[in-house]
Structures are given as C-alpha cells and as structure tokens.
Amino acid sequence: MMKNNVYGILGIGVRNGLWNADFDGQSKRDGNGIIKGSSYALQYCIKRQWDRNHQNIMGLKTMKEDGTCLKIEEKYYKIFHETDKKPTKKKDDYSTILNNLLKCKDVLHFGVTYTGKPNVNIQGLLQFSEGINLYHDTHEDVEAIITPYANQVAKEDKKNATTGARMLLDEAHYIYDFSLFPKEYDKYISDNFKGYTKEDYEDFKNQSIIAVSNYNSKAKAGCKNEFAMFIETKEDTNYLLDLNCLNEYINIYKNNDSDNKIIYDLKIIAELLNALKEKIDKVEMFYNPRTVEIKGIKKNDCINIYDLITREKL
C-alpha cells in the first residue's frame, strides 16, 4: 500500500491545435481572458489511455445498438455481470458495488457518484486543477473549412456544401497541478480492497505522461505531453506541506534563438524544493529535450530527471 502523498504538474503543449474548446468552438477562457483547459479534458485522455490498455473504465460513454447511451447502472452491469443482464429492483450489496467500482481505474483515481441502487459516492484521491496557459504569446487563428455535404438547414443554400470555421491556437502551453493522497482510501480497505498501491501510482504516472500525445483525434491534433513533475512527500509530513498551485511558481517563454525551444523556468520551484528537502522523499521530472529547455533546476540526490519519450535518465 502506498503511503506518500504526491503533488505534481502535467504540462501540455499545443501547436496549431485546440486543446479545449467551449460550446462555441472558441478556446476556453476564465473571467480575466486567460486561456484555460478543463480538468475533465485531461482526465478524459487518461481514461482513454487506460481503456486502450483493456482496463475497466466507468466514465466513458458506451452506446447501445439503438444509438442511445448506457445508463450508469447498465454500464456497471456491462462491466461486472453478464452483458445481457439488466439491473433489477433488488439492491446489490453496498460493499460489493463499492469494491467493484474501485476495480475501475478511473474510479480508483478520480472517484464517482454512482446513482444506482444503492447510491455510492467515492471522492477521488487524485484531484486536478484547471489547466492554465502560461505562454503569453499565444495567438488564435481561424481556419475556414468546408464539408462535402449540402446544407440541410438553410433552404436557399440547400444545394451547396456547408461552410464553417475552426479555431486554432498557434502555440500554447497548459500547466495542470494535481495532488494525490493515497490514505484517503484507507477507509475502504477490506478483504476485497487492499488500498491504493505503489503499482497503482506507477501506472497512473506512466499513463498520464503519454495520454494526451496518444489521443488520436482531429480535435486534439497538435496537442501533446511535454512536461511532468511528481513530488513525493515523506509519510510523516503528508498533511503538513502546501505544494498546491505549483503553476504559480513556473514561467514559460521563448528566447529569440534558432532552436525555437520552449523554456520552462523552474527556479522558484527549485528553491522551494531545496527548502523542503528534509520533508520530501523524491522528485521525478520528465520532459522532451528536443522541444523543451529546462532552466533553474538540476538533478541531485533527491531530483531525478528523465527523457519523457525514451524514459532514459538525463
């Protein structure tokens, strides 16, 4: 069972793409106009990554033959019972449903509100912040598009192909903070659930640093994982440190040089980690050295740095 709390960062790079759009197709922004990304956009990519690796996932849409979506009870029965069995009025045992839900990778990490019978609410031990674009030279471009189909809405234009527009960002770099507190699930430990394990954490780590790059869709083309940091505290300082909102300690910019690399300036984080070195077990950092340059932090006995793509030590 894992005992150390973890704080961290996931960095998503975008070039000529749109990581997260609102319902109008525009890039999402907060009230101050800063470009942001929903935590659900990142979680969705991680869920898809687990799904591709044949893990049980509750929180992905599943369609019936008639084109409608499965209800949450139907999805539960599809995963844990015969595929043709339907929910009945008879209540399943609460502990059985709880333990089964915790076998789903997304529920194990992000939690779930199961509204079947009985109701089960699991608050996830892993919490992501909203992603903030920290690159200040982002520009929006509008790309005109045309479909090969006639317009079925406008009568005067019904013989012509439909035209539209697609919003793109020329370059953006989103930073997501997260915290993972394994002991939050100690209350669920039983003969059927042994708690959150080190293997569970390693799996999350390995999938999260590639999930965006592996998400294969037109909507997310140009979006990729480019940076990650995982900070494990010592067990006796689990709830005594404030390492939330790490995005406040990062600067992202470019120099006017020929290699065109994006720079992650981690000087403030490095100073903070050095001040807390007696309370931190270890730090692991991953980045793509072909496109990213790291400044202000160096590897030492506590900090290990890896190539995000090859996973080799740098």
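## A pocket, two strand pairings and two cysteines

The second largest pocket has a volume of about 240 Å³, where a pocket is an open set of points on a 1 Å grid over the protein atoms alone, with protein on both sides within 12 Å along at least five of seven lines, and a volume is the space filled by probe spheres set on the points, which are joined across faces, edges and corners. The model is predicted, so that local features need pLDDT of at least 70 and side-chain atom pairs count only at pLDDT 80 or more, while totals for chains, interfaces and linings use all residues. Residues are numbered from 1 along each chain as its sequence is written, and side-chain values use heavy atoms, with hydrogens and water left out.

The second largest pocket is lined by 17 residues, and those nearest its centre are Met58, Gly59, Leu60, Ile72 and Val112; a lining residue has an atom within 4 Å of a point. Two or more lining residues come from each of helix 2 (72–80), helix 4 (105–110) and strand 3 (111–114), helices (H or I, at least four residues) and strands (E, at least two) being DSSP runs numbered from the N terminus. By class, the lining holds eight nonpolar, four polar and five charged residues, with Asp, Glu, Lys and Arg counted as charged, Ala, Val, Leu, Ile, Met, Phe, Trp, Tyr, Cys and Pro as nonpolar, and the others, Gly among them, as polar.

Strand 3 also takes part in a hairpin, which joins it to strand 4 through five residues. Strands 3 and 4 (residues 120–123) run antiparallel and are joined by four bridges, and Thr113 stands opposite Asn121 in strand 4; two strands pair if DSSP finds at least two bridges between them.

Elsewhere, three strands form an open sheet of mixed pairing in the order 10-11-13. Strand 10 (251–253) and strand 13 (292–295) each have a single partner strand, so one side of each edge strand is left without a neighbour in the sheet. Strand 11 (residues 262–265) runs parallel to strand 13, with four bridges between them, and Asp265 has Lys295 of strand 13 as its bridge partner.

The structure holds zero disulfides, a disulfide being a pair of cysteine sulfur atoms within 2.5 Å. Two cysteines are set out below, with buried meaning under 20% relative accessible area, exposed over 50%, and partly exposed in between (1.4 Å probe, protein chains only).

| Cysteine | Nearest cysteine sulfur | Relative accessible area |
|---|---|---|
| Cys69 | Cys104, 17 Å | 36%, partly exposed |
| Cys104 | Cys69, 17 Å | 0%, buried |

Technical notes. On a 1 Å grid over the protein atoms alone, a cavity is a set of points where a 1.4 Å probe fits but cannot get out, and a pocket is an open set with protein on both sides within 12 Å along at least five of seven lines; lining residues have an atom within 4 Å of a point.
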